[in-house]
Amino acid sequence: MALLKQSCCVAGRFSTNHRWLSPRSAPLNGFCSQGYSSCLSTAARSSADREDMKKELQSQDGPGLQDFISGELSERSKWAEYRGNLKRQKGERLRLPPWLKTEIPIGKNYNRLKNTLRELNLHTVCEEARCPNIGECWGGGEHGTATATIMLMGDTCTRGCRFCSVKTARRPPPLDPDEPYNTAKAIAAWGLDYVVLTSVDRDDIADGGAEHFAKTVSSLKERNRHILVECLTPDFRGDLAAVEKIALSGLDVYAHNVETVRELQRYVRDPRANFDQSLSVLKHAKKVKPSVLTKTSIMLGLGESDQQITSTMAELREAGVDCLTLGQYMQPTKRHLKVEEYIPPEKFAHWEKVGADMGFVYTASGPLVRSSYKAGEFFLKNLLKKRKEEISAAEGDVS
């Protein structure tokens with residue numbers, strides 16, 4: 001599930017940076033445990049030798065806190081100077097390139113939004129998937145409007161995709177019946193005009209949680225009929241009745257992520273998910289409500305080829321998908337799939353042009369782009385408003 005994701009996934013580690021820092025000390029501890037004399041000899045090395053050793057040890061582990069903080073290397077003018085490996089060799093863990101560095105989340109909007117979520121016992125995919133854009137979206141970014149992607153039906157998924165950091169269980173806790181009301185209340189308090197609702201997979205529930213999803217949308221529309229709602233849904237095990245229930249709930253954008261190219265589906269996603277099943281979800285949403293915008297997301301850097309990306313994009317367009325986002329996969333923890341390649345910004349720009357040439361209404365492609373991404377929501381908000389104005393004008397001409 002989580003264009004993110006991916007919402008967002010691809011994911012930063014702001015909330016768990018200590019997990020990346022602690023393993024780096026392990027090789028040092030193991031080295032010294034070989035004997036007191038070994039420790040003495042290590043201490044006696046020259047400062048240059050110690051620095052070389054430190055770099056070697058650090059290169060064996062994943063990104064740490066400093067890797068995600070904007071610094072000198074994160075300046076665009078420095079990107080072309082980066083000479084690190086972008087494709088993973090056997091036994092290697094790639095270093096984070098400068099275009100994936102971002103700022104630590106701070107600001108009044110960020111703190112206010114987080115406090116509201118905790119008070120109402122709500123979850124966001126921004127936190128659960130450790131999205132690197134959380135500082136921009138929650139803090140307001142250049143537009144000063146905080147946005148968040150609410151994750152419905154709890155924080156525990158019944159599936160175990162190999163790219164996703166959301167926790168899993170066969171039988172997660174029961175649904176909170178007050179969640180649709182609390183979600184609408186929170187969003188009303190923030191004063192948002194575009195909101196994204198997503199959820200974990202709930203294969204333990206008969207309809208996969210579709211009714212719960214639909215209630216949340218209707219509650220939002222009752223409080224504010226002008227609010228634009230995007231739903232990033234699971235595949236509901238291919239249950240098209242569940243898809244239809246949400247598509248007709250009053251939403252404006254129906255999103256469901258295929259996550260990766262057709263050829264890598266079994267390698268990346270839970271065995272219960274597949275490309276054709278996801279395609280049927282997107283097709284059916286458009287069939288039952290032709291005016292709805294459909295949207296999906298692909299992660300890059302998992303070992304896919306250019307031809308596979310092109311073919312996947314073509315299939316999505318043939319299925320009538322309107323909007324596509326492409327972003328860099330980033331390994332959330334050591335237990336998840338390793339990054340096979342870091343895609344440079346110019347390659348993402350290429351795929352954005354390919355998407356436009358294929359006829360997608362909107363294509364967002366970039367290293368930090370996620371399925372629920374603020375820039376995309378800003379574009380879709382204006383697009384949807386324009387469409388509604390055109391429909392109203394057409395109806396006025398008929399009358």
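Begin by selecting arginine 202, which is buried, with a relative accessible area of 2%, and which sits in the loop between strand 5 (194–199) and helix 11 (210–223). Keep in mind from this first stop onwards that the model is a predicted one. If you show the side chain of arginine 202, you can look for a polar atom that lies 3.1 Å from the backbone oxygen of methionine 153. Then display what surrounds this residue: leaving out residues up to four places away in sequence, arginine 202 touches Met153, Thr156, Thr158, Pro172, Pro173, Pro174, Leu175, Gly208 and Arg237.

One of those partners, Arg237, leads to the next stop. Select arginine 237 together with phenylalanine 236; phenylalanine 236 lies in the loop between strand 6 (228–232) and helix 12 (240–247), and arginine 237 is placed in the loop between strand 6 and helix 12 as well. Which of them is buried, and which is partly exposed? Phenylalanine 236 counts as buried, at 3% relative accessibility, whereas arginine 237 is partly exposed, with a relative accessible area of 39%. The backbone deserves a look here too, since most residues other than glycine have a negative phi. Phenylalanine 236, although it is not a glycine, has a positive phi of about 55°, and the phi of arginine 237 is also positive, near 60°.

Now move to cysteine 161, found in the loop between strand 3 (156–157) and strand 4 (167–168). At 13% relative accessibility, this cysteine counts as buried, and, with neighbours within four places in sequence left aside, cysteine 161 is in contact with Val268, Arg269, Asp270 and His336. Add arginine 272 to the selection, and you will have two residues that are 111 places apart along the chain, with their C-alpha atoms separated by 9.6 Å.

While cysteine 161 is on the screen, select cysteine 164 as well. Why is there no disulfide between cysteine 161 and cysteine 164? A disulfide is a covalent bond between the sulfur atoms of two cysteines. The sulfur of cysteine 161 is 6.4 Å from its closest cysteine sulfur, the one in cysteine 164, and this is too far for a bond, because a disulfide calls for sulfur atoms within 2.5 Å. Seen from the other side, cysteine 164 likewise has the sulfur of cysteine 161 as its closest cysteine sulfur, at 6.4 Å. By that rule, the count of disulfides in the model is zero.

Next, select helix 14 (residues 275–288), which has 14 residues and reaches 20 Å from its first C-alpha to its last, close to the 20 Å expected at 1.5 Å a residue. At the start of helix 14, look for asparagine 274, where a side-chain oxygen comes to within 3.2 Å of the backbone nitrogen of aspartate 276. The buried residues of helix 14 are Phe275, Gln277, Ser278, Leu279, Val281, Leu282, His284, Ala285 and Lys286. If you colour these residues and then show their surroundings, you will find them packing against helix 12, strand 7 (253–255), helix 13 (265–268), strand 8 (293–300) and helix 15 (306–318).

Two further pairs show how the chain brings separated residues together. Lysine 185 belongs to helix 10 (residues 179–190) and is partly exposed, with a relative accessible area of 39%; between lysine 185 and leucine 220 there are 8.2 Å from C-alpha to C-alpha, although they are 35 residues apart in sequence. Alanine 349, in helix 16 (residues 345–358), is partly exposed, with a relative accessible area of 45%, and the C-alpha atoms of alanine 349 and glycine 366 are separated by 6.9 Å, with the two positions 17 residues apart along the chain.

Finally, show the whole chain, which has 17 helices and 10 strands, and in which 54% of the 399 residues count as buried. Its accessible surface comes to about 18100 Å², of which 51% belongs to carbon and sulfur atoms. Colouring by pLDDT is a careful way to end: the chain averages 75, and 64% of the residues score at least 70. Confidence is lowest in helix 1 (residues 17–21), at a mean of 33, and highest in helix 15, at 98. Over residues 1–46 the pLDDT is below 50, and this stretch has 115 contacts in the model beyond near neighbours in sequence. Residues 56–74 also stay under 50, and for them the model has 54 contacts beyond four places in sequence.

Key
Residues are numbered from 1 along each chain as its sequence is written. This is a predicted model: local features need pLDDT of at least 70, side-chain atom pairs count only at pLDDT 80 or more; totals for chains, interfaces and linings use all residues. Side-chain values use heavy atoms; hydrogens and water are left out. Helices (H or I, at least four residues) and strands (E, at least two) are DSSP runs, numbered from the N terminus. Buried means under 20% relative accessible area, exposed over 50%, partly exposed in between (1.4 Å probe, protein chains only). A polar contact is a pair of N or O atoms within 3.5 Å; within protein, one must be able to donate a hydrogen and the other to accept it, and residues adjacent in sequence count only if both atoms are side-chain atoms. Contact means heavy atoms within 4.5 Å. Accessible areas come from the Shrake-Rupley method with a 1.4 Å probe; for residues, only the protein chains shown count as cover. The expected span of a helix is 1.5 Å times one less than its number of residues. pLDDT is the predictor's confidence in each residue, from 0 to 100.
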